[in-house]
Amino acid sequence: MVARSTMRKLLNHQTSSAPLAVFRVLFGFIMAVSVLRFALKGWIAEMYINPAFYFTFSGFDWVAPLGPAGMYALFVLMGLSAVGIMLGWHYRPAVMLFFLSFTYVELIDKANYLNHYYFVSIIAFLLIWVPANRRFSLDALRRPEIAAETVPAWTIDIFKLQLGLVYFFAGLAKLHPEWLLEAMPLKLWLPAHADLPIVGAFLTEPAAAYLFSWAGALYDLTIVFFLLWNRTWPAAYAAVVVFHLTTAVLFPIGMFPWIMVLATLVFFPPAFHERVIDLATRLWRGAVKAPRTVTGAAAASSPAAWRPGRRASLALTGLLGVFFTLQILVPLRAFTYSGDLFWSERGYRFSWRVMLMEKAGSTLFHVRDSQSGREWQVAAWEYLTPNQEKMMSTQPDMILQFAHFLEEQYVGQGLADVEVRAESYVTLNGRRSRLMIDPDIDLTQVSRIPGHRYWVLPFDDTTGSWISRQ
Amino acid sequence: MLCLPGRIVITVLVVSLALVGPGCDSGSSGGGDDVDDFDRAAMLENLADNVIVPAYADARSSVEALEAAIAAFESDPTIAGLAGVRSALKTARIAWQRVNMFQFGPAESTALKASVNTYPVDTARIESNIDSGSWTLGTIDNRAAAGFPAIGYLVHPIETADEDVVAAFTSGTHASDRMAYLVDNAAFVRGAIESTADAWTPGAGGAFRSEFLSASNSGTDVGSSLGMLANALVLHIERFLRDGKIGIPAGVRSAGVPRPTSTEAFYGGYSTELAIANTFALKRTVFGTSTAGTPGPGLDDHLEALGAGELSDEIKSAFDEAIAALEELDDPLSTQIASDVDPVLTTFTELQDVVVLLKADMTSILGVTITFQDNDGD
């Protein structure tokens with residue numbers, strides 16, 4: 001009984017709807033910018049129209065590109081729905097459309113997997129279930145009856161929880177001997193920026209790699225607690241800005257820093273967001289010289305608080321309970337697999353392991369026609385984009401997928417039975433490159449179904465490193 | 001709440017200073033022990049001024065000489081004139097091996113490599129161009145019917161006596177068109193190489209050298225000078241040396257069935273010599289050695305400064321082993337492939353070792369980015 005009433009209190013506790021509204025506007029804005037940037041860089045064609053082959057995700061093999069017209073249409077839809085989210089215009093359909101279109105595109109090709117795309121999909125998914133359009137939105141302007149001054153606190157707290165999980169798991173992943181004791185991979189990455197003004201010379205020092213490694217781990221593990229604490233959040237946010245701007249300068253990670261800098265504003269107290277909305281509203285009125293009527297009338301005639309009905313509450317509790325349980329379990333799945341995580345990359349994706357290792361490879365495929373006994377070699381560049389080739393060269397599951405694709409190609413050409421073997425050299429964190437896939441195993445005989453990865457050679461740390469590891 | 005933005009700005013400044021501060025100190029108090037201060041700008045300058053620009057100057061004068069030899073042959077079509085053309089062609093094709101890997105900047109924007117050296121040559125297309133009496137060189141349709149390989153086909157027809165070769169240019173149907181096709185190709189190749197060479201030459205109004213050496217391109221991202229150079233070298237060695245010159249003629253792309261006619265200088269019969277020249281030139285570029293053999297700062301020194309001296313030693317021996325394997329091959333390479341393909345496949349494997357070391361190990365240590373796309377750093 002006590003538990004139930006605590007639960008109810010937790011679900012019913014109301015707070016200002018301003019933080020949620022501002023979060024919605026900023027998310028819609030940065031997504032619209034991201035979609036536009038993606039299109040302007042020509043990446044729609046480069047990643048989803050031109051390639052001859054796509055590395056699909058297990059279970060999502062049916063997700064395929066829609067052809068040139070279809071892909072451009074899908075991105076237009078994605079961009080418009082992001083604008084819809086920002087304006088709070090037909091919000092619910094807009095955010096559902098955005099979630100579906102964005103996630104569909106991300107599922108087309110593993111080679112394009114980025115943790116921050118996964119993060120965007122998650123945030124869009126969570127936004128479907130919250131009343132983010134009941135304040136500071138065209139929906140509330142058109143239909144004043146839906147406007148709400150307050151919303152249940154959980155509708156905002158789930159975003160804080162999600163951000164907290166992202167940072168915390170990213171921090172946990174850094175508690176790795178290579179990261180902490182050898183300052184890898186930053187020891188390789190920072191000297192590449194020796195040409196930067198002022199800090200350049202320092203970046204070539206091993207001390208810089210250690211400083212950045214430890215500071216990064218500490219930041220990821222603790223930042224969410226400092227953001228939550230009402231005495232430290234301003235300084236914590238300053239750290240967020242400095243951290244993400246530093247990564248933006250040093251690494252080619254695209255929109256991620258800007259997304260995080262905006263998303264973490266959700267930790268600010270409601271008063272801040274009230275002021276933002278107030279200011280934006282006054283600026284807007286000044287700009288269009290509109291009389292001060294609409295929001296005033298809306299606020300007067302609308303219920304002050306929005307809360308879901310009992311059934312909806314129950315359903316949402318179940319849904320979010322399952323969702324966050326998965327959010328905790330999925331990143332931990334790697335610990336149930338044998339073998340070195342960095343080497344095999346089993347359980348590496350969807351785990352917030354970012355900027356964690358320097359890995360590069362070079363793969364040559366040996367094909368043998370078992371009927372004629374002839375052997376020949378295939379270089380992946382003939383079929384893959386540079387990015388696909390780069391991604392495949394270090395990830396065993398993608399090498400296997402490509403080997404199966406080659407088999408199909410030759411079967412299509414009339415060869416009844418070909419064998420495909422991979423000669424795959426990989427360097428990890430500055431180590432001497434060595435074979436990652438057993439070169440004697442015919443990959444056409446290996447199933448994609450998860451199982452013992454006997455075809456991946458075990459990680460062997462005795463081959464030595466090109467550079468000093470201490 | 002009023003002073004909130006101010007507080008944030010000040011905190012950002014303080015934290016930034018805290019992060020940047022040690023940088024200023026260490027920077028001014030001298031370099032560290034583990035990583036030497038390496039002057040990347042000096043390396044790029046050496047590569048530009050002592051490797052790339054002189055190689056383009058050589059390529060330019062050699063194609064000018066080729067054009068002159070063809071003009072002399074046109075005005076006086078004799079067997080001696082033909083010999084002059086053949087020798088000028090070979091010189092130019094060898095000079096080309098010292099610039100063909102710099103496929104970035106002006107060479108990339110004009111698709112220089114595809115324009116002047118697409119092979120195997122499309123002989124049917126050449127003959128139909130000549131028969132029709134009109135052609136436009138430089139179009140995509142005519143790529144396999146233009147440039148060095150086309151000239152090679154015209155002046156080295158298979159199993160034709162020299163007097164008959166000369167006769168094809170002087171008497172018989174389409175003889176004047178055949179001569180015009182030869183002359184046009186010489187002018188086309190000379191023009192294409194000249195414009196890229198000009199773009200690299202400071203005196204000739206070339207802006208690319210200064211762009212290559214500018215501070216804004218001194219990083220390691222994909223558009224930086226080191227990024228362009230490293231990516232171009234890796235791509236060239238893999239696709240155009242290992243595969244194009246050796247692997248494809250040996251049959252690695254045709255289900256193991258050799259294609260001896262796909263060699264680079266099939267008609268001239270000196271494909272092995274071209275491959276050796278190219279491999280030497282690639283090695284010199286990686287090691288910053290000038291065409292004259294003078295050592296200078298190169299990627300090897302960069303690796304050494306980053307603590308990976310062993311890697312540059314290994315790259316050196318991989319190059320040497322590849323060159324030794326190439327030197328085992330006889331010219332014409334097509335004959336070698338037809339008689340005994342095994343040493344050719346051995347060469348492929350040796351070149352593959354170079355590819356792995358440059359593509360995986362070297363780019364990883366140098367921190368060179370290979371694509372424009374966003375990444376997670378993994």
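**Core, interface and local geometry of the two-chain model**

The largest nonpolar core comprises 257 residues, and those with the most contacts inside it are Phe98(A), Leu127(A), Phe365(A), Phe402(A), Leu443(A), Phe148(B) and Ile315(B). Helix H2 of chain B, spanning residues 40-75, supplies the largest share of this core, with 15 residues. The model analysed here is predicted.

Ile315(B), one of the residues with the most contacts inside the core, has a set of partners from elsewhere in its chain. When neighbours within four places in sequence are left aside, Ile315(B) is in contact with Val286(B), Phe287(B), Leu303(B), Leu357(B), Leu358(B) and Met362(B). The next residue, Lys316(B), is found in helix H14 of chain B, which covers residues 309-327. Because its relative accessibility is 39%, Lys316(B) counts as partly exposed. Not counting residues up to four places away in sequence, Lys316(B) touches Lys283(B) and Phe287(B); Phe287(B) is also among the contacts of Ile315(B). Lys316(B) and Ala146(B) are separated by 170 residues in sequence and by 35 Å in space, C-alpha to C-alpha.

Chain B contains 16 helices and zero strands. Of its 378 residues, 53% count as buried. Among contacts in chain B between residues at least 6 apart in sequence, 76% join residues at least 24 apart.

Helix H7 of chain B (residues 148-155) is mostly covered, eight of its eight residues being buried. These are Phe148(B), Pro149(B), Ala150(B), Ile151(B), Gly152(B), Tyr153(B), Leu154(B) and Val155(B). Phe148(B) in this helix is also listed among the residues with the most contacts inside the largest nonpolar core. The elements that cover the buried residues of H7(B) include H2, helix H3 (79-96), helix H5 (112-116), helix H6 (123-132), helix H8 (162-170) and helix H9 (175-200) of chain B. H2 of chain B thus appears both in this cover and as the source of the largest share of the core.

Attention turns next to the interface. In chain A, 73 residues are in contact with 64 residues of chain B. The area buried between the two chains is about 5,700 Å², of which carbon and sulfur atoms give 60%. On the side of chain A, Val242(A), Trp381(A) and Trp466(A) lose the most area to chain B, together accounting for 13% of what that side buries.

Five salt bridges are found across the interface of chain A and chain B. Arg432(A) forms a salt bridge with Glu314(B), with the closest N and O atoms 2.9 Å apart. The count of residue pairs in polar contact between chain A and chain B, both at pLDDT 80 or more, is 14. Helix H13 of chain A (residues 233-250) contributes six residues, the largest share of the side of chain A that touches chain B. The residues of that side divide into 42 nonpolar, 16 polar and 15 charged.

Several local backbone features were identified in loops. A cis peptide bond joins Met184(A) and Pro185(A), with omega about 5 degrees; Pro185(A) lies in the loop between helix H9 (177-181) and helix H10 (186-189) of chain A. In chain B, a cis peptide bond joins Tyr119(B) and Pro120(B), for which omega is about 0 degrees. Pro120(B) is located in the loop between H5 and H6 of chain B, and both of these helices are included in what covers the buried residues of H7(B).

Positive phi values occur at two non-glycine residues described here, Ile198(A), at about 65 degrees, and Glu345(A), at about 60 degrees. Ile198(A) lies in the loop between H10 and helix H11 (200-203) of chain A, and because its relative accessibility is 61%, Ile198(A) counts as exposed. Glu345(A) is placed in the loop between helix H18 (341-344) and strand S3 (359-369) of chain A. At a relative accessibility of 12%, Glu345(A) counts as buried.

A further loop residue, Ser214(B), is found between helix H10 (208-212) and helix H11 (225-250) of chain B. The side chain of Ser214(B) reaches the backbone oxygen of Glu211(B) at 2.9 Å. Ser214(B) and Arg253(B) are 39 residues apart in sequence and 41 Å apart in space, C-alpha to C-alpha.

Note on methods
Residues are numbered from 1 along each chain as its sequence is written. Chains are lettered from A and ligands numbered from 1 in the order in which they are written. This is a predicted model: local features need pLDDT of at least 70, side-chain atom pairs count only at pLDDT 80 or more; totals for chains, interfaces and linings use all residues. Side-chain values use heavy atoms; hydrogens and water are left out. Contact means heavy atoms within 4.5 Å. Buried area is the accessible area (1.4 Å probe) that two parts lose on being put together, summed over both. A salt bridge is a side-chain nitrogen of Lys or Arg within 4 Å of a carboxyl oxygen of Asp or Glu. A polar contact is a pair of N or O atoms within 3.5 Å; within protein, one must be able to donate a hydrogen and the other to accept it, and residues adjacent in sequence count only if both atoms are side-chain atoms. Helices (H or I, at least four residues) and strands (E, at least two) are DSSP runs, numbered from the N terminus. Ala, Val, Leu, Ile, Met, Phe, Trp, Tyr, Cys and Pro count as nonpolar, Asp, Glu, Lys and Arg as charged, and the others, Gly among them, as polar. A nonpolar core is a set of buried Ala, Val, Leu, Ile, Met, Phe, Trp, Tyr and Cys residues joined through side-chain atoms within 4.5 Å. Buried means under 20% relative accessible area, exposed over 50%, partly exposed in between (1.4 Å probe, protein chains only).
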